[in-house]
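Look over the sequence and the model below. The report takes up one residue and its surroundings, then turns to a set of paired strands.

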Amino acid sequence: MPFFNIDSVKSRTFDAIVIGSGISGGWSAKELTGYGLRTLVLERGRDVKHGVDYPTAMKNPWEFPHLGQISKAEKEANPIASQCYAYKEDSAHFFVKDAEHPYVQEKPFTWIRGYQVGGKSLLWARGTQRWSQLDFEGPARDGFAVEWPIGYKDIAPWYSYVEKFAGISGNKDGLPQLPDGEFLPPHEQSCVEKYFSQQMAKHYNNSRPVIIGRCAHLTKPNPIHHQQGRGQCQNRVLCQRGCPYGGYFSSNSSTLPWAQKTGKLTLKPDSVVHSIIYDEKKGKATGVRVVDAHTKEMTEYYARIIFVNAATLNTNLILLNSKSSRFPNGLGNDNGLLGKYISFHNFRTTISAEYEGFQETITEGNRPNGSYIPRFRNLYKQETDFLRGYAAGFGSSRMLDRDTTGFGEDLKKSLTGKKYGNWRVSSHMMGETIPKETNHVALDSGLTDAWGVPLLKTSVAYDDNDEKMIVDFHEQLTEMLTLAGFTNIQTHDDPNKAPGIDIHEMGGVRMGKDPKTSLLNKWNQLHHCKNVFVTDGACMTSNSTQNPSLTFMAITARAADHAVKELRKGNL
Amino acid sequence: MAVAGLVALPAWASGWNPATLGPVAVLPPAEEALLAELVETIIPETDTPGAKTLKVHQFVLRMVQDCYGEVAQNNLNQGLITLDQVAKGAFEKLFIDLDVTQRTAVLTHLQQSDDPATKAFISLVKNLTIQGYLNSEYVLLNMMEYKMAPGFYHGCVPLKA
């Protein structure tokens, strides 16, 4: 297959290749080009240019034929994507069509994918909470998975580094379990959220804080954000359409244009990575095989280092499909653990309630954020019959109270009146799940996709620990809401909501100290193929309770710094 | 340069034409006219436009056609027949020929019906009428102080009397 025309090979040779252009791929691109490396970024989906390719961004509600609702035909054609909360008439074009991208669900797994330049960074929920040392110590303390090879002190400076550039709003809460970051001004909590926070401080002696969420929105941009061409968040809360103001962080608005400005970036959309090329004589990876999304033609590209940022499960897929006589079971997979110890966040359950106080107040405007309850279970020692714990989102609003029983003028008056109902609050659980060998992905032995890549087979499920955690969330949140005087408390749990719908899948290529029990070292290099770096969710040894993207960004920037130092030393 | 992201909206932002919402045609003109009178009875013209002027009946049709299943579509068709049957039974006229009080009486009767299909019909049309009305350009801009970009969030504001 390779076409050994010297010029052609030269034109296909770079210093670095980045597979994927989502949150972590964008950071790889920015960092590597920033260090002067000629970098090829391969994106399997179409190009999406910031501002230009956000076709729905400025539409008013009445300009959508179905006011945002997905048509029945489209829903039926996309049973996976249509389970996602963000899949609406204004954003459907940023999700893959299910039929074009099949996978095999050995156990139900709702795999949400956005194949385009920017990936899911256009669609994410933008929560950005740091991990603490308590999170990194989890596996070692509680005896699951393997010990993390890094701790908070290793990652803290890189959190600061990415936060300053991405723009993270938040309040300095001084919590050991949720370290403060480099914050832009925080969003405001509503009266009811503040009240709940005060009540919890009183009833639980400050052990159950309720804080404003930290999120990737420019509440007050700094010069570094203006230099990216980004402006202040306009509180539209239409983020899933792509933000023409660059009000929230995405690869499209931030890292990719920054990388472009260096003159070192080559961005190739419509480029499906088939596998990584391993050279046995050199003992390292030399490039990647790419299938053109449209012509299906295969081309090889070469580089000295490769960053795999295809998003957790596709990173697993590419490595599993990178077979050679040295690595017959996938690149770097001597121990057979590649694709195993997949974890996710348990988002199955919610609780809602009402508050009869604060009748004389409302909120005004929109807030692309909510309050947040950091993990309080098993924080410093084991207290429950399940391992680890959960964080929870907490939001409040006051809706107009509309009597719709009548017809005619009475109904019309009631619809446009300003009578408000009680405050309503709701909270959703974000539960840590324990990575287990049985929760895995693998290649299907027979089926391939339209690009000749084997289909991914998912075998990931809830376990007893997850079920116990749901019961505890219901008990604890009910107690907390009751103590604060909330009424009409209702719990909701949907066991049919399969893993994956959290869009926080992690692991499969975990970091660790020992090559016998992990795939990556503390610098995110494959133990057995040091010039391949995995810095997306696939690298995660455990998943804790925080929204993970910020940690992927920090890990990526840290690994890129190390990669460049090693390159300069001639070690790669 | 520094605030480019704030002020420069691309040209396509103003290029949207509501006419491109596309045609709807599940009902013959007579039935569509009847549906228009039905939604107007639910939300009538007062000192502000009613549902018919705001073309909410077309929204109802589009939603039933595109987002609801065959059961709802049949229910809508059958319901419009029932609507005239009830009107004739009570007032010996077609629904379209009744005055406002009579029309409201017919709808109230349908809403209180023991027949699940009839109840489903009136609640389908009523809910979609309310949704279409409240999200119409006129209502959002003139009655709801709608702004796409408020630019702020205040968590605790005194309720205006």
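In this predicted model, Leu320(A) touches five residues beyond its close sequence neighbours: Gly330(A), Leu338(A), Gly339(A), Ala442(A) and Leu443(A). Residues up to four places away in sequence are left out of that list. Leu320(A) belongs to helix 10 of chain A, which covers residues 312–320.

Is Leu320(A) buried or exposed? Leu320(A) has 22 C-beta neighbours inside 10 Å, so Leu320(A) counts as buried. The cut-off for a buried residue is 20 or more. Another residue to find is Ile276(A), which lies 44 residues from Leu320(A) along the chain. The C-alpha atoms of Leu320(A) and Ile276(A) are separated by 9.7 Å.

Now to the strands. Strand 18 of chain A spans residues 420–432. Which strands join strand 18 of chain A? The table gives three of them.

| Strand of chain A | Residues | Bridges to strand 18 of chain A | Direction |
|---|---|---|---|
| strand 13 | residues 345–346 | two bridges | antiparallel |
| strand 14 | residues 349–355 | six bridges | antiparallel |
| strand 17 | residues 390–400 | ten bridges | antiparallel |

Single residues help to trace these pairings. Asn346(A) has Gly431(A) in strand 18 of chain A as its bridge partner. Thr350(A) stands opposite His428(A), also in strand 18 of chain A. For Ala392(A), the bridge partner in strand 18 of chain A is Met429(A).

Notes. Residues numbered from 1 in each chain as written. Chains lettered and ligands numbered in written order. Predicted model: local features only at pLDDT ≥ 70, side-chain atom pairs only at ≥ 80, totals over all residues. Pairing = 2+ DSSP bridges. Helix = DSSP H or I, 4+ residues; strand = E, 2+ residues; numbered from the N terminus. Buried ≥ 20, exposed ≤ 12 C-beta atoms within 10 Å, placed from the backbone. Contact = placed C-beta atoms within 7 Å.
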